[in-house]
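Q: Can you walk me through this model? I'd like to start with the charged pairs and then get to the helices.
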Amino acid sequence: MALRPNNSLTPADRAGRQKAAQDDMMLREVDDAVRQDQYSQFAQRFGIPLIILLVLALAAFAGWLYWQNRQEAAMEQRSEALIGALDQVEAGNLDTGAELLDPLASGDAAGPQSAARMLQAGIALEQGRAGDAAQLFAAVGADAEAPAALRNLATIREVATRFDSLPPQQVIERLESLAVPGNPFFGSAAELVAMAHLEAGNTQRAGNLFAEIAKAEDVPDSLRSRARQIAGQLGVDAIVDVEALLEQQGAGAAAAAQQAPQAAQ
């Protein structure tokens, strides 16, 4: 049911309400005009710089995407080159493998460059070119941009390649920091240092170091066994658990006895 008009308002009240509504409408129009003028002034003042900034941001983002795509493509190419070279080496084509590594070895990517030089050095050793191999190992070991693990490995390989021509003290000085239990290269470095001590006449220090190698659980069994034997010959006890060692030797003897009849057949 429709509401009846309020006839209780006087003409003056009605006129006041109408005037208030007109004033409110006028204020809204003024407010809208002011806001529109502010937006216009803001657009005139900052519109062009904002557009330029947006364009630059989009251009930078597009450049980053392009750079990332180029980096990924280059990484894939380097990986394919390394794999191709390894395939050639495994097939016995050492010269071809070395040639495939040349672009990487002379490139500007530290990781792939170091890996390529290490592979080339290994190829040189296989071909009997110990001098060339030692130079390549030395270059990787002296490269501050190469990964630390590769630098340490290259230094060990260089010293091992030149061991017969290096003074024992120089071998000790170069590898002593790596011949520490817990170091990833402890076994290889410690063996070279121990051999250098032995050549220098420091039999006690050599024996102690061989004993540490024999007791290290993260060292290959073949190296531990060799170190244990040398330490024993030098009068240093390198056996931690005699019973475990006897069991290990017994298991090895049993396996050899089982393989002997099969080989005879």
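A: Let's fix the term before the pairs: a salt bridge is a side-chain nitrogen of Lys or Arg within 4 Å of a carboxyl oxygen of Asp or Glu. Bear in mind that this is a predicted model, where local features need pLDDT of at least 70 and side-chain atom pairs count only at pLDDT 80 or more, while totals for chains, interfaces and linings use all residues. Residues are numbered from 1 along each chain as its sequence is written, and side-chain values use heavy atoms, with hydrogens and water left out.

Q: OK, how many salt bridges does that rule give?
A: The count is six. One of them pairs arginine 129 with aspartate 132, with 2.8 Å between the closest N and O atoms.

Q: Are arginine 129 and aspartate 132 buried or exposed?
A: In between. Buried means under 20% relative accessible area, exposed over 50%, and partly exposed is in between (1.4 Å probe, protein chains only). Arginine 129 is partly exposed at 35%, and aspartate 132 is partly exposed at 35% too.

Q: What does glutamate 158 pair with?
A: Arginine 174, in a salt bridge of 2.7 Å from N to O. Glutamate 158 sits in helix 5 and arginine 174 in helix 6, 16 residues apart, so to speak a link between distant parts of the chain. Helices here are DSSP runs (H or I, at least four residues; strands are E, at least two), numbered from the N terminus. Glutamate 158 is buried at 5% relative accessible area, whereas arginine 174 is partly exposed at 31%.

Q: And which residue does glutamate 191 meet?
A: Arginine 226, at 2.8 Å from N to O. Glutamate 191 is in helix 7 and arginine 226 in helix 9 (residues 221–233), so this pair ties together parts 35 residues apart in sequence. There's also a network: salt bridges with shared partners join Glu158, Arg162 and Arg174.

Q: Switching to helix 6, which residues are buried there?
A: Val171, Ile172 and Leu175, in a helix that covers residues 168–175. Down the axis of helix 6 the buried residues fall within an arc of 95° (taken from the directions from the helix axis to the C-beta atoms), so they line one face of the helix. They pack against helix 5 (148–161) and helix 7 (186–199), where contact means heavy atoms within 4.5 Å.

Q: What about helix 4, which residues are buried?
A: Ala133, Ala134, Phe137 and Val140. Their arc is within 125°, so they line one face of helix 4. Helix 3 (110–126) and helix 5 are among what covers them.

Q: And the overall fold, how many helices and strands?
A: The protein chain has 10 helices and zero strands. Of its 265 residues, 25% are buried.
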